[in-house]
Amino acid sequence: GIEQEAVVESETEGAEQKRESIAIETAPVTRDDTILYGSIKTIDGFQMVDGTDVPVQVSFNVTNVQEGESAYKTLISGNAEIPKAENGMEYVVVTLNVTYSGTPDNLYIMEDYASLDSAKMYFALSNGDSNAEQFTKHLSDSIYNLTVEKGKSAQGSVAFLRKIGSNEPLYFVGYGK
């Protein structure tokens, strides 16, 4: 009966449900949390170091946005296996400058969809009704491999496959924010 249907549904739609839950988590964004292209947003948060939360201050500045063909060229320069975008989809690559100050000597940015809220860290791009597909791991300058020394800045990029014409914001979840 009903129970069996639910099991079958969750097996086939597991990935979709994960995407939906990410979209829901990142949905409540107030205007104060929006970084306009070229401006800088600073997050006062914390980073887990040896199981302890230590305060960090991280500033993000969007320095470049590539869409369509130029984003695709950037992606294939790091990995030739990526298919061309089809059916009303396009690639987008966003480059961010990250500045760090805080207690630990280094700030690490990694991709983590942890169940613990304080441990989550990822970028997500909405497609309006769903999340854009992650392609960041294919970049030669993936932000998820970034280490920023205290008092310094470093650059990294995120990449997504999204619907052409999407104009939703890029979300960052991390450092307890």
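**Salt bridges and strand pairing in a predicted model**

E67, E90 and R162 are linked in a network of salt bridges, as seen in this predicted model.

Reader: Which strands hold R162 and E90, and how many residues apart are they in sequence?
Author: The side chains of R162 and E90 meet in a salt bridge, with N and O 2.9 Å apart. R162 belongs to strand β8 and E90 to strand β3, so the contact ties together parts of the chain separated in sequence by 72 residues.

Reader: Are R162 and E90 buried or exposed?
Author: E90 lies in strand β3, and ten of the 14 residues of β3 are buried. A residue counts as buried under 20% relative accessible area. Both R162 and E90 are classed as buried.

Reader: How many bridges join β3 to strand β8?
Author: Strand β3 spans residues 89-102, and β8 spans residues 153-163. Within this pairing, T95 of β3 stands opposite S157. The two strands run antiparallel, and the bridges joining them number eleven.

Reader: Which residue in β3 stands opposite V56?
Author: Strand β2, residues 52-67, also pairs with β3 in an antiparallel manner, through eleven bridges. Opposite V56 stands G102.

Reader: Is D105, the salt-bridge partner of K150, buried or exposed?
Author: The closest N and O atoms of K150 and D105 are 4.0 Å apart. The pair links distant parts of the chain, with D105 in the loop between β3 and β4 and K150 in the loop between β7 and β8. K150 is partly exposed at 41%. Because exposed means over 50%, D105, at 57% relative accessible area, is exposed.

Key. Residues are numbered from 1 along each chain as its sequence is written. This is a predicted model: local features need pLDDT of at least 70, side-chain atom pairs count only at pLDDT 80 or more; totals for chains, interfaces and linings use all residues. Side-chain values use heavy atoms; hydrogens and water are left out. Buried means under 20% relative accessible area, exposed over 50%, partly exposed in between (1.4 Å probe, protein chains only). Helices (H or I, at least four residues) and strands (E, at least two) are DSSP runs, numbered from the N terminus. Two strands pair if DSSP finds at least two bridges between them.
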